[in-house]
8 protein chains.
Amino acid sequence: MMEGLKELLKKVKNGELEVEEALKELKFLPYKDLDHTKIDTHRELRRGHPEAILCEGKSNEQILDIISEYPDEQTVIATRADEETYEFVKGKIDNVVYHEKADIIQVGKSREKGEGVISVVTGGTSDEKVAEECAVSAEIMGNEVRRIYDVGMAGVHRIFSNLDKIRESSVVVVIAGMEGALPGLVSGLVSVPVIGVPTSEGYGLYLGGISPLLTMLNSCSPGISVVNIDNGYGAAYQASLINEEK
Amino acid sequence: MMEGLKELLKKVKNGELEVEEALKELKFLPYKDLDHTKIDTHRELRRGHPEAILCEGKSNEQILDIISEYPDEQTVIATRADEETYEFVKGKIDNVVYHEKADIIQVGKSREKGEGVISVVTGGTSDEKVAEECAVSAEIMGNEVRRIYDVGMAGVHRIFSNLDKIRESSVVVVIAGMEGALPGLVSGLVSVPVIGVPTSEGYGLYLGGISPLLTMLNSCSPGISVVNIDNGYGAAYQASLINEEK
Amino acid sequence: MMEGLKELLKKVKNGELEVEEALKELKFLPYKDLDHTKIDTHRELRRGHPEAILCEGKSNEQILDIISEYPDEQTVIATRADEETYEFVKGKIDNVVYHEKADIIQVGKSREKGEGVISVVTGGTSDEKVAEECAVSAEIMGNEVRRIYDVGMAGVHRIFSNLDKIRESSVVVVIAGMEGALPGLVSGLVSVPVIGVPTSEGYGLYLGGISPLLTMLNSCSPGISVVNIDNGYGAAYQASLINEEK
Amino acid sequence: MMEGLKELLKKVKNGELEVEEALKELKFLPYKDLDHTKIDTHRELRRGHPEAILCEGKSNEQILDIISEYPDEQTVIATRADEETYEFVKGKIDNVVYHEKADIIQVGKSREKGEGVISVVTGGTSDEKVAEECAVSAEIMGNEVRRIYDVGMAGVHRIFSNLDKIRESSVVVVIAGMEGALPGLVSGLVSVPVIGVPTSEGYGLYLGGISPLLTMLNSCSPGISVVNIDNGYGAAYQASLINEEK
Amino acid sequence: MMEGLKELLKKVKNGELEVEEALKELKFLPYKDLDHTKIDTHRELRRGHPEAILCEGKSNEQILDIISEYPDEQTVIATRADEETYEFVKGKIDNVVYHEKADIIQVGKSREKGEGVISVVTGGTSDEKVAEECAVSAEIMGNEVRRIYDVGMAGVHRIFSNLDKIRESSVVVVIAGMEGALPGLVSGLVSVPVIGVPTSEGYGLYLGGISPLLTMLNSCSPGISVVNIDNGYGAAYQASLINEEK
Amino acid sequence: MMEGLKELLKKVKNGELEVEEALKELKFLPYKDLDHTKIDTHRELRRGHPEAILCEGKSNEQILDIISEYPDEQTVIATRADEETYEFVKGKIDNVVYHEKADIIQVGKSREKGEGVISVVTGGTSDEKVAEECAVSAEIMGNEVRRIYDVGMAGVHRIFSNLDKIRESSVVVVIAGMEGALPGLVSGLVSVPVIGVPTSEGYGLYLGGISPLLTMLNSCSPGISVVNIDNGYGAAYQASLINEEK
Amino acid sequence: MMEGLKELLKKVKNGELEVEEALKELKFLPYKDLDHTKIDTHRELRRGHPEAILCEGKSNEQILDIISEYPDEQTVIATRADEETYEFVKGKIDNVVYHEKADIIQVGKSREKGEGVISVVTGGTSDEKVAEECAVSAEIMGNEVRRIYDVGMAGVHRIFSNLDKIRESSVVVVIAGMEGALPGLVSGLVSVPVIGVPTSEGYGLYLGGISPLLTMLNSCSPGISVVNIDNGYGAAYQASLINEEK
Amino acid sequence: MMEGLKELLKKVKNGELEVEEALKELKFLPYKDLDHTKIDTHRELRRGHPEAILCEGKSNEQILDIISEYPDEQTVIATRADEETYEFVKGKIDNVVYHEKADIIQVGKSREKGEGVISVVTGGTSDEKVAEECAVSAEIMGNEVRRIYDVGMAGVHRIFSNLDKIRESSVVVVIAGMEGALPGLVSGLVSVPVIGVPTSEGYGLYLGGISPLLTMLNSCSPGISVVNIDNGYGAAYQASLINEEK
């Protein structure tokens with residue numbers, strides 16, 4: 001925007017443009033401005049955080065369309081993408097990579113790694129998909145990620161043996177199902193922020209992840225905040241913002 | 001905003017202000033702009049729709065503070081205001097009226113009545129408070145209001161005897177508790193838009209008004225939209241916007 | 001009814017019918033009357049608003065039967081109809097059109113366009129089906145429709161660049177998923193009524209659209225009313241009634 | 001039981017059995033008794049009300065097993081049975097009839113019709129399956145059933161034209177989806193008991209039938225009681241008990 | 001209505017009224033009719049079932065007003081009325097009686113007792129208020145009522161010792177809190193219709209009576225229908241309708 | 001029962017009673033029997049487990065009445081009893097003790113202590129009332145109770161320092177609020193059954209204890225079962241039954 | 001751990017290891033310890049309770065991996081395993097048995113039977129899968145199990161005829177759907193602990209098992225605790241812990 | 001711990017303690033260790049984050065007891081404390097300050113301010129209490145706090161005029177009621193982490209804050225995580241941890 005604005009002001013200065021006419025043109029400036037501001041904001045963010053597309057509920061054509069709308073240099077993360085979608089887009093777009101475990105299609109290159117570290121901790125095997133969505137997203141955003149998986153009930157000792165590593169992180173993302181107590185446990189042992197991600201996979205009165213979400217919100221260990229059920233990408237984004245503070 | 005902007009452009013034209021400096025000043029223009037836009041929008045709206053303050057959960061002092069912040073010519077509606085609050089503010093602010101049945105404190109004068117008519121229909125005695133909040137708000141906003149109260153189960157014939165009057169309205173607000181079927185019934189008999197307002201007073205599996213709200217959302221008679229439980233003011237606002245279309 | 005009644009009265013006057021017998025015949029008049037009234041009402045509405053059939057949960061045979069029951073001149077909208085149903089009915093009924101994006105089968109012709117305009121605004125790609133159900137329905141009902149799609153988070157500037165067009169509408173239908181904040185944002189920028197339509201597509205604690213519905217009901221920007229989740233047709237109907245007020 | 005007990009008492013009388021021994025044998029009599037009592041109760045009920053099996057969630061083999069356990073003269077109603085199950089059992093069991101519209105397999109003959117009449121009223125096409133489950137069950141239980149279908153919104157006049165017939169019934173079962181207001185409407189027009197049956201088919205905030213169920217429970221028209229969502233059989237059973245009172 | 005209509009027809013016959021004028025007057029007849037019909041219906045019902053007013057959420061003045069609107073010969077039941085309300089109305093209205101245990105104000109006399117009997121069964125001490133609302137209402141409506149209280153868990157044997165009496169009733173109202181299993185138990189032992197009334201008093205995951213309501217709706221013993229939580233009056237009304245069938 | 005039965009049989013044997021007459025008398029035996037059986041069962045249970053009365057929602061008179069109905073030798077536990085109720089009953093009943101911390105009125109003496117031990121573990125100060133209801137009830141039922149209070153987050157080490165003691169118990173009752181993770185933690189450290197009791201005191205999305213209840217039901221550590229929110233007595237009863245197994 | 005620790009202490013004693021160095025090594029001992037403690041705990045538990053894997057939501061490969069991680073002598077229970085998974089693992093792992101009715105893959109041998117008995121009681125045919133998960137799990141854990149199936153409504157007498165057997169058990173697991181009243185009924189008849197397991201299979205307002213769960217939690221018969229919906233394994237584990245107390 | 005352990009090892013080295021005996025003593029080391037670890041962890045945290053006590057639901061005596069248990073140098077934050085509690089403790093404890101707007105009792109001194117800044121943003125007047133709990137807590141924890149209050153709907157421009165200040169913060173806490181859209185709006189404008197705090201004050205289908213919580217969880221603007229409803233302290237704690245990263 002600033003460029004266009006500068007031109008406009010120059011024209012006013014040079015008498016090429018009348019004040020009234022300039023005013024008329026500026027009438028929608030706030031909106032245009034906001035538009036550009038958004039894009040500026042985005043450009044700024046973009047250095048760290050690629051645009052994301054949720055593929056779930058979109059057709060392959062729609063996904064391709066959305067990806068194509070972004071400028072070439074823009075890195076794009078398409079989450080919850082199955083292999084079929086990847087096969088569909090890969091011939092039509094350059095620089096496409098499929099992160100299979102994470103169900104992520106990456107378009108463009110990852111940001112260069114910064115200094116801080118994000119730990120991604122999971123309770124069990126069934127949390128892996130969400131964890132990988134988080135870990136891969138965070139890596140694309142330029143973070144070093146430490147995966148500390150499968151440290152729920154049966155392997156809680158692994159938390160302890162990894163405690164120093166976790167404590168060195170800027171932020172810990174804890175992905176947990178079942179009763180969702182893991183983030184509270186981790187949070188009690190470290191002095192860095194913990195982001196809890198409940199997962200949807202369970203049975204009985206699990207309520208699709210509402211049960212662990214409630215647990216995390218009611219944790220008596222402060223230092224936990226939560227994102228939506230299964231929202232690995234959202235956790236990565238928030239963690240990346242925190243990590244950048246470092 | 002436009003005034004300030006004009007001045008700025010003139011200064012650029014006159015050489016009083018350098019392009020770079022003007023650019024700097026314009027940097028926050030979008031935000032300032034939006035600010036002014038908001039206010040313009042508000043000014044525009046204000047002609048019809050006074051500002052509203054929800055008194056519930058605010059102290060008398062806070063309510064007084066908020067009212068005082070508005071410019072003198074601005075009409076203000078303070079909803080869910082009890083008499084005690086009215087006693088508190090009435091000496092300190094001019095042009096204050098208390099609509100007792102509606103729990104509304106009005107500051108400033110009502111807008112002049114337009115042509116259209118809003119019908120406010122209720123099912124029973126316990127819907128009266130919400131109905132009056134709606135009716136009085138709509139009157140202050142400059143609408144002619146027809147109160148057609150107490151036409152639920154025991155008095156459904158009164159709908160029929162008032163049907164022509166209802167049909168002449170631009171819009172009907174139907175306030176209903178119990179099973180909340182009244183809006184659907186009314187909607188089936190008229191060809192003007194119906195706004196349903198569920199009320200919170202009930203017992204058993206009434207769920208504080210969720211039951212009639214669900215009824216209204218699932219009504220098989222199209223032409224109904226709903227506002228939040230007990231939200232008489234919101235219904236009045238929406239009805240007033242519709243009535244202005246007339 | 002009036003015709004039959006006139007005949008009856010004439011017969012009484014002419015002595016062809018005894019008072020007692022006429023009375024007997026009139027005994028069920030209220031019910032018959034109401035019946036006719038309904039039909040009259042419907043006839044009246046019908047000029048603007050075609051009958052609608054929800055295809056979901058009905059067999060092709062049932063849908064065909066229902067369509068066939070309507071008189072020939074009656075326009076019918078069959079919503080949530082898949083192509084297979086269309087294939088089934090198209091040979092057996094005249095004047096059938098399939099609006100594929102909207103999943104709507106139209107039987108008979110659209111009403112002539114009136115003066116007012118309805119804007120249909122969506123947040124993102126996944127709201128398109130509901131938006132098309134709304135837009136196509138509104139068009140069949142004789143409204144000019146402006147589609148302003150995909151103006152959620154990533155494209156909020158498009159609202160601003162379309163603001164004048166939206167402001168010229170009689171009513172805006174805003175279809176939104178995710179957190180459902182779009183109707184509140186739009187409502188804050190315009191002074192025409194806004195109808196919010198939450199969509200069911202989401203994940204996590206989205207609750208099939210209950211989350212955006214709650215957002216819309218609790219919006220601090222007055223001037224919003226809502227219809228049921230995914231109810232594009234219902235929003236079109238209500239918007240059409242409002243637009244007719246113009 | 002009585003037979004065995006009589007024998008036992010005779011033996012005591014005849015000195016064939018000592019008091020202490022008889023006492024010992026009688027120790028478990030309460031339980032055995034209750035057992036027999038149950039069966040007696042059932043035998044008594046059986047004259048009116050056949051045994052019912054819910055096929056949903058059972059394998060064909062399990063259904064066949066359960067049917068086979070009943071004595072030959074016992075009439076059995078198997079609800080929610082698909083045609084495939086019928087094909088499976090029909091060769092292996094005598095006197096089997098399949099009521100296709102009702103998804104009911106009937107084993108044995110229907111009870112002879114009594115004097116009273118049950119009206120089964122529905123709102124729309126999608127309530128038919130539940131209505132037929134109700135109507136067919138009631139017929140097998142020996143009731144005359146009047147089907148008054150499809151009298152919702154679009155056809156409410158049909159209620160009025162059938163009002164005398166409905167008023168002559170001992171009890172009215174009203175099956176309704178959408179907002180579930182139909183039972184309340186019917187109940188307001190008749191002075192016989194109304195049993196409401198919400199149906200599960202709907203969309204949006206329909207909540208699988210919870211919405212119409214709440215409506216029925218909160219109806220301001222007394223004289224309505226409800227059974228579980230989709231429970232056509234349960235409504236038939238209750239209605240049959242009421243009808244027998246006649 | 002019929003009287004007025006007869007006059008009108010006579011006038012037409014006599015030439016006192018022109019057909020066109022009569023037609024004009026009859027235009028609103030359906031609505032007036034319905035009005036009268038309602039009243040007729042009510043008059044008919046009134047023989048058995050007095051009008052009811054829910055006092056909860058109404059002021060003493062409002063309650064008095066509503067009572068005063070009824071014709072003198074009309075018996076009125078005001079439920080959930082506290083003693084203070086009774087004190088307020090008793091001087092101003094004739095024939096007022098206060099049923100303290102039931103929180104019922106009765107205006108006018110009870111209907112004469114019919115032949116059938118209604119059993120009112122409760123699980124425990126805390127169900128008494130709802131039970132008395134039911135029992136007293138049913139008595140005013142002209143039913144003989146058998147109170148069989150306090151037969152829950154600790155006193156289930158009392159059901160058995162009263163079984164014949166219960167079996168002789170036309171209908172059994174079972175009022176139950178806790179897990180709400182009592183109606184199912186009773187229903188399994190009798191062959192008359194059972195109406196379940198969940199009560200709101202409980203703790204923990206009792207959910208204000210939703211827990212016993214769910215139990216009753218899911219009962220595997222058919223022959224049960226339910227009314228809203230705490231709705232003793234509604235159960236009495238329904239039971240009275242059933243008892244009249246006898 | 002057995003006595004009466006013996007007499008009856010003797011009379012049959014002696015010819016004092018005819019078989020038919022005896023049969024008649026025995027007709028209702030099952031019910032009477034069950035009655036007696038219940039009492040027998042109760043007598044048996046009574047040795048270990050006193051009768052309990054929930055005072056909440058009952059008047060002092062009602063509580064006194066219920067207590068008075070029990071035979072003198074019967075120990076009675078009245079839970080959720082405030083001091084005022086105690087003052088009311090203490091003069092009128094013998095052997096009354098008030099356990100203030102537990103809100104329990106005890107009538108009669110505690111059972112003699114058996115061998116096993118029940119540990120009652122709490123997370124924090126606000127769980128104390130429920131814990132005392134549990135501990136005192138268990139003591140009255142004849143169990144040795146170890147109170148291990150306040151071992152939540154801030155004091156989790158106290159679990160470890162008490163681990164041997166906990167491991168020696170037959171059963172552990174864990175009372176917990178907040179996120180309700182304590183039972184799972186304890187269960188993972190011991191090999192005796194754990195009974196979880198969620199408490200109702202909390203804020204935010206605590207949902208009156210539903211949050212910790214869900215946590216306990218979804219615990220990934222097997223060996224936990226739960227009782228209702230705040231149900232200290234119920235946990236004591238269950239724990240006492242388990243302890244008796246020892 | 002103790003072995004390693006002993007070695008370490010010996011080295012200190014022998015001067016092979018300096019105090020400072022030993023201290024350094026001991027620094028992480030707590031964590032390592034806890035690790036070992038866990039394993040010790042597990043080893044101890046293992047004698048009775050095999051490790052369990054929930055197959056639902058895991059791929060065959062993941063299940064095989066997890067099983068393979070356990071030491072050979074460790075018995076493993078894989079629940080909710082379909083035949084296909086069994087076919088996948090059976091060639092690759094030794095000592096694999098498939099319990100078809102229970103959907104359980106057993107790896108390794110069952111523990112030797114102890115003295116106590118667990119009764120597994122079900123209400124109906126549709127509870128069988130959960131019941132078998134419970135019964136088979138309990139048998140593998142070394143318990144004698146008595147299956148008392150299908151004793152709901154239609155067969156409640158079977159409870160009575162099996163009452164002595166049930167009373168001899170250390171603990172009763174009652175698996176129930178529908179209204180979930182069975183555990184309360186059983187609990188009222190026995191003086192051993194009852195564990196309730198709600199099942200998820202139902203319809204209408206069954207809420208996937210929430211309805212019977214609420215019933216069990218609100219049971220007025222003390223002595224019941226519950227596990228999660230369908231959690232047959234969890235009930236078996238808890239029952240086994242209780243049975244061991246015997 | 002380390003000291004005791006060193007002594008122990010020395011004794012082993014010196015022969016004062018036998019290996020077996022040392023082993024015995026070390027047996028409980030893990031637990032003792034963990035205890036100390038906890039305390040160490042706490043000591044470490046304490047430098048930044050004072051201990052917190054939730055006063056709600058605790059008696060003044062209990063609160064005093066808990067405060068007294070902490071060592072003198074430990075700063076304590078007692079949240080949701082009313083003035084009465086402050087009056088109770090202030091004479092008995094040193095260094096007590098009452099933050100009235102925040103309902104916080106502070107014992108001991110605040111930590112020295114670090115470099116980073118936390119912005120606390122609110123939507124309206126009714127969010128102030130929660131905001132102050134957050135702001136004061138964060139200040140005590142040693143953070144510079146910028147209060148940007150009352151920037152909801154009516155004052156959204158204030159966000160824009162404060163945008164640079166917000167952007168300079170390490171983290172933004174956004175406290176919002178109504179539809180809860182504010183965090184998403186803020187998050188879209190900044191590139192620092194946003195923590196959303198829903199507030200409980202509202203009406204209609206506000207559900208005590210569940211509505212804004214759902215909005216925040218479903219926000220389409222990534223970079224938001226949430227804490228429990230009204231949990232100002234929790235947000236402060238998390239924000240403080242993030243701010244320390246700076």
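What packs over the buried residues of α10(G)? In this predicted model, the cover includes α10 (210–217) of chain E, so a neighbouring chain takes part. Chain G itself also contributes, with β7 (171–176), α9 (182–189), β8 (194–198) and β9 (224–226) included in the cover. The helix they shield, α10 of chain G, spans residues 210–217 and is mostly covered, with 8 of its 8 residues buried. If you want to click through them, the buried residues are I210(G), S211(G), P212(G), L213(G), L214(G), T215(G), M216(G) and L217(G).

Now for chains B and C. Here 27 residues of chain C are in contact with 27 residues of chain B. On the chain C side, the elements giving two or more residues are α3 (29–46), β9 (224–226) and α11 (232–245). Of these, α11(C) gives the most, with 7 residues. Sorted by class, the side of chain C that touches chain B looks like this:

| Class | Residues on the chain C side |
|---|---|
| Nonpolar | 15 residues |
| Polar | 9 residues |
| Charged | 3 residues |

How do the two copies sit relative to each other? Chain C can be laid on chain B with an RMSD of 0.1 Å, using a turn of 180° and a shift of 0.1 Å along the axis. The two copies are thus related as by a two-fold rotation axis. The contact surface fits that picture: 100% of the interface residues of chain C are also interface residues in chain B, so both copies meet through the same surface.

Terms used: Residues are numbered from 1 along each chain as its sequence is written. Chains are lettered from A and ligands numbered from 1 in the order in which they are written. This is a predicted model: local features need pLDDT of at least 70, side-chain atom pairs count only at pLDDT 80 or more; totals for chains, interfaces and linings use all residues. Copies are superposed by least squares on the C-alpha atoms of residues with pLDDT of at least 70 in both. Two residues are in contact if their C-beta atoms, placed from the backbone, lie within 7 Å. A residue is buried if 20 or more other C-beta atoms lie within 10 Å of its own, exposed if 12 or fewer, and partly exposed in between; C-beta atoms are placed from the backbone. Helices (H or I, at least four residues) and strands (E, at least two) are DSSP runs, numbered from the N terminus. Ala, Val, Leu, Ile, Met, Phe, Trp, Tyr, Cys and Pro count as nonpolar, Asp, Glu, Lys and Arg as charged, and the others, Gly among them, as polar.
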